[in-house]
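Here are my notes on this model, in numbered points. Please read them with the structure open.

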Amino acid sequence: MPSKTAKSPYDVHPGVKMVQDWITSLKQKTGGTLEEWIELVQQSGPPTAKERREWLKAEYKLGTNGASWIADRAEGKGIEDGDPQAYLQAAAGYVETMYDGPKAGLRPLHDAILKTAKKLGRDVKVCPCQTMVPLYRNHVFAQIKPTTRTRIDLGFALGNLEAAGRLIDTGGFAKKDRITHRIPIATLSDIDEEVDRYLRMAYDRDA
């Protein structure tokens, strides 16, 4: 379940807890702490992050995620993946970058969608990624994605619900994706009762 701090308008992504648990268990599972793995990679590993990931997997039988996290840390990247405060700082930057430049006109739509979504309940969590903003209850139930300069795609986790009205079936259910439907949002008037209804439906499905 995502956790929240009062100092940020955003919430800590649940993936951060997963990385924290991985760091805590790393010594027991692999014989080395994160710092020891980083030192090994920097001193003995190949020069590029991609080569380091493959080297860690081949030579030390690390999993894909673990090898990637260590290779990134060895380059000074990915700190936000396992540090709640670092993530929250990065999250604000993700959103600012998303709506920088030609997509700046979409920011009021983004803010209006968030305002609508947060009315669903106090357990709505907003956990930005680099290209989209997922909304969580227990899982992702919706996501905000500025797809073009003039449109946000508001995605919903609605299972195999038959699409109707402005609701578009993304094919996500057949592909076992979490997000299965979307509604294009181009103006504030597009955030209407239909959007409210599907947000509520997706939220309630994730109870």
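1. Start with His 110. In this predicted model, its relative accessibility is 0%, so His 110 counts as buried. The cut-off for that label is under 20%. His 110 is found in helix α6. Leaving aside neighbours within four places in sequence, its contacts are Val 95, Tyr 99, Val 133, Ile 144 and Ile 152. One of these contacts, Val 95, is itself among the buried residues of α5.

2. Helix α5 deserves a look next. It runs over residues 84-98, 15 residues in total. At 1.5 Å a residue, the helix should span 21 Å. Its end C-alpha atoms are 21 Å apart, which agrees with that expectation. Asp 83 caps the N-terminal end of α5. The cap is a side-chain oxygen of Asp 83, 3.0 Å from the backbone nitrogen of Gln 85.

3. Which residues of α5 are buried? They are Ala 86, Tyr 87, Leu 88, Ala 90, Ala 91, Tyr 94, Val 95 and Met 98. What covers these buried residues includes two helices, α1 (14-30) and α6 (107-118). The cover also includes the strands β2 (11-12), β4 (133-136) and β5 (140-146). Helix α6 is the element that holds His 110.

4. Now the largest pocket. Its volume is about 250 Å³. It is lined by 13 residues, and the closest to its centre are His 13, Gly 15, Val 16, Asp 81 and Tyr 87. Two elements, α1 and α5, give two or more residues to the lining. The largest share, four residues, comes from α1. By type, the lining divides into eight nonpolar, three polar and two charged residues. Tyr 87 appears twice in this note: it is one of the residues closest to the pocket centre, and it is one of the buried residues of α5.

5. Asp 153 is a charged residue to check by eye. It lies in strand β6 (residues 152-156). Is Asp 153 buried or exposed? Its relative accessibility is 10%, under the 20% cut-off, so Asp 153 counts as buried. What does its side chain meet through polar contacts? One partner is the side chain of Thr 147, at 2.8 Å. Another is the side chain of Arg 151, at 2.9 Å. Beyond four places in sequence, Asp 153 is in contact with Gln 143, Ile 144, Lys 145, Thr 147, Arg 182, Ile 183 and Pro 184. Ile 144 is on this list and also on the contact list of His 110.

6. Thr 180 is a loop residue that is nonetheless buried. It lies between β7 (168-169) and β8 (181-185). At 2% relative accessibility, Thr 180 counts as buried. Its side chain reaches the backbone nitrogen of Leu 158 at 2.9 Å. The C-alpha atoms of Thr 180 and Thr 170 are separated by 5.4 Å, with the two residues ten apart along the chain. Not counting residues up to four places away in sequence, Thr 180 touches Phe 156, Ala 157, Leu 158 and Gly 159. It also touches Ile 168, Asp 169, Thr 170, Gly 171, Gly 172 and Phe 173.

7. Two lysines need a backbone check. Lys 61 has a positive phi of about 60° although it is not a glycine. It sits in the loop between α3 (49-60) and α4 (64-74). Its relative accessibility is 67%, so Lys 61 counts as exposed. Lys 176 also has a positive phi, near 65°, and is likewise a residue other than glycine. Lys 176 lies in the loop between β7 and β8, the loop that holds Thr 180. At 76% relative accessibility, Lys 176 counts as exposed, whereas Thr 180 counts as buried.

8. Last, the overall picture. The protein has seven helices and eight strands. Its C-alpha trace spans about 60 × 35 × 30 Å along the principal axes. Of its 207 residues, 45% count as buried. Among contacts with a separation of 6 or more, 55% join residues 24 or more positions apart.

Methods: Residues numbered from 1 in each chain as written. Predicted model: local features only at pLDDT ≥ 70, side-chain atom pairs only at ≥ 80, totals over all residues. Heavy atoms only, no water. Expected span 1.5 Å × (residues − 1). Buried < 20%, exposed > 50% of the residue type's maximum accessible area, 1.4 Å probe, protein only. Contact = heavy atoms within 4.5 Å. Polar contact = N/O pair within 3.5 Å; in protein donor to acceptor, adjacent residues only side chain to side chain. 1 Å grid on protein atoms, 1.4 Å probe; cavity = no way out; pocket = protein on both sides within 12 Å on 5 of 7 lines; lining within 4 Å. Points joined across faces, edges and corners; volume = space filled by probe spheres on them.
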